Amino acid sequence: MSEVVFLSNTNIQIAVGSSAGNGVKVSKLYSAPLPEGAVLNGVVMDRDLVTDTIKSTWQQYKLPKSEVMLILNSPQLRANRIDAPIQADKKTTDYIARATADTEYGRFTNPVTGWYLISKDNKAKTQKVIYETAEFDFVKTYVEIFEKAGLKLKTIHNGVQIATEYLAKSAAGKTIIYMILDGNSLVTIFFADGKFYYDSTSRVFSQPGSPEFAREIYSSVSSIRQFISAQRLEVTLKDIMFAGINQPQVSSLANDILNMDSEIDVSIAVPPQGSTISDGPAAFPFYVYPIAGLRKIDEKLPILKASKQSKAKGEGAGFSKKLILPFAGIIALALIAFGVLTVIKLSKQSELKEINDYINNPTVVAQVAEYDAMYANMEEIGTIQGGADLLNEDITSYPLPDSSVNAKILAAAAAHDVQIKFNTYSATSGVFSITASSPIVDDINMFIADLMSLDIFYNVNYTGYNLVTTEEDESIWQINVVCTLAGNVPTPDASEAAGEVN
């Protein structure tokens, strides 16, 4: 039997069971509320509250204190898919490290990365893997919390990717969207002809069962349809499987969306074929993540093992330095002694006296002391200069939201007859918020594609389309676009450029 724990912002969920072929066999499901503010997007805000909740839940349900798997959905535990050559596990680990060195995963201060195998294509000699990256301290925090609660963590995984692989069997050959609502966080997983294309996480502001909630869900569906069009996929999207809300709420959602689009069929999520739940399938939509965690995972490098290896390397390097330094000092002293003894043996007494007189000359001693003081002063100045250079580089690279940025956005919009409204700009994050409008959806798509190609932006995100009616009674499409400015790349001045040419 295995125990899988899923921590959301509001609840702790536990699934007890085992893998069964390509599915799972669930024996028990448990749930307990988390104190408000104890966990936020997978990040522990109050260690004591989380520890006490886990400990009391285990005592309440009399659960065995064995190794457990932890499932989280957090921007601090990032997961991605990659195609790698079929090779030894150690070489695959090195391949992943090289492939992710220059990506956003390289932005962690002290990252640890684990990975597991999804599938192999022996004919193409490639394998699909999922790698997960987190800060060392992020992983360490959860290890310490579970140890303090009397439990031992076996592994930690990103919940969205675990759920995606678990639901892939049900999606085989289908074009389908799985939506999982956890509090006000909505995860959307899209398959086309059985092939996984992407997942996204968004915030929901309306209550399930309300017409506003249906409009938010339909907006997400419209975004995926735009993605299908942009990718030129020859598929028709009809099916939505929803988890995280009950059957009456799903029925209300289905009716509301039916009034907006008769081609969309919304139904409640059911466990994939081959999975059994002792309490019946009705519990599945509320325990997708921990149930998916019971499925057999071909872990090659668990992130906890990677974390221990990272710690061992750091401690090993420190230990080696402590071990080498005393021996190096002894060897240095021995060499000096050997040199002095050799000089004493081979030199005449008068030469030795001359050397000693020179060494002990007050003028020489004063010059050496002066040199040492000057060297120390130069080192301090060099440190200050280095800090000033880094500060100048940070300041110069900070994105500048001048009129040229607006001009480029307006030029891209004008090229496709798209109307632009500038909403906000945050100097802290370097983020522009704009609204793009056009009666033709494809014009907006091409405008966004042009924005993505501009090197002044580090990232461009956009939400779903809304069809609105203007004061002139015309129907136009609107979309919210968020553009993150890229940092400035310093341009060498004339003297530096001349030096490079020479």
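Reader: What strand order does the open sheet of four strands have?

Author: We're looking at a predicted model here. The pairing in this open sheet is antiparallel. Reading across its four strands, the order is 7-9-8-17.

Reader: Which strands stand at the edges of that sheet, each with a single partner strand?

Author: With just a single partner strand each, two strands have one side left without a neighbour in the sheet. Neighbouring strands in this sheet are turned against each other by 30° on average, ignoring direction. The edge strands are strand 7 (77-85) and strand 17 (298-301).

Reader: Which residue of strand 17 does Trp115 stand opposite?

Author: Start with strand 8, which covers residues 111-121 and pairs with strand 17 in the antiparallel sense. That pairing runs over three bridges. Opposite Trp115, in strand 17, you'll find Leu301.

Reader: At about what angle to strand 7 does helix 2 run?

Author: Helix 2 spans residues 89-100 and lies across strand 7, strand 8, strand 9 (126-135) and strand 17. Helix 4 packs on the sheet too, touching strand 7, strand 8 and strand 9, and its direction makes about 50° with that of strand 7. For helix 2, the angle to strand 7 is about 115°.

Reader: Which element supplies the largest share of the largest nonpolar core?

Author: That core has 37 residues, and Leu29, Tyr178, Ile180, Ile189, Phe284 and Ile291 have the most contacts inside it. Several elements supply at least two residues each, including strand 3 (23-33), strand 11 (176-182), strand 12 (185-192) and helix 7 (288-293). The largest share is five residues, and it comes from helix 4.

Reader: How many residues does the second, separate core have?

Author: Don't look for this one around Leu29, which has its most-contacts place in the largest core. The second core is separate and includes Leu34, Leu63, Val139 and Tyr142. Its count is 33 residues.

Reader: Is Ile257 buried or exposed?

Author: Ile257 is found in helix 6, residues 247-260. Leaving out residues up to four places away in sequence, Ile257 touches Ala214, Ile217, Tyr218, Ile264 and Val266. The cut-off for buried is under 20% relative accessible area. Ile257 has 0%, so it counts as buried.

Reader: How far apart in space are Ile257 and Ala243, C-alpha to C-alpha?

Author: Along the sequence, Ile257 and Ala243 are 14 residues apart. In space, going C-alpha to C-alpha, the distance between Ile257 and Ala243 is 16 Å.

Methods
Residues are numbered from 1 along each chain as its sequence is written. This is a predicted model: local features need pLDDT of at least 70, side-chain atom pairs count only at pLDDT 80 or more; totals for chains, interfaces and linings use all residues. Side-chain values use heavy atoms; hydrogens and water are left out. A nonpolar core is a set of buried Ala, Val, Leu, Ile, Met, Phe, Trp, Tyr and Cys residues joined through side-chain atoms within 4.5 Å. Buried means under 20% relative accessible area, exposed over 50%, partly exposed in between (1.4 Å probe, protein chains only). Two strands pair if DSSP finds at least two bridges between them. Axes are lines fitted to C-alpha atoms, for helices over the stretch in contact, and angles run from 0 to 180 degrees between N-to-C directions. Contact means heavy atoms within 4.5 Å.
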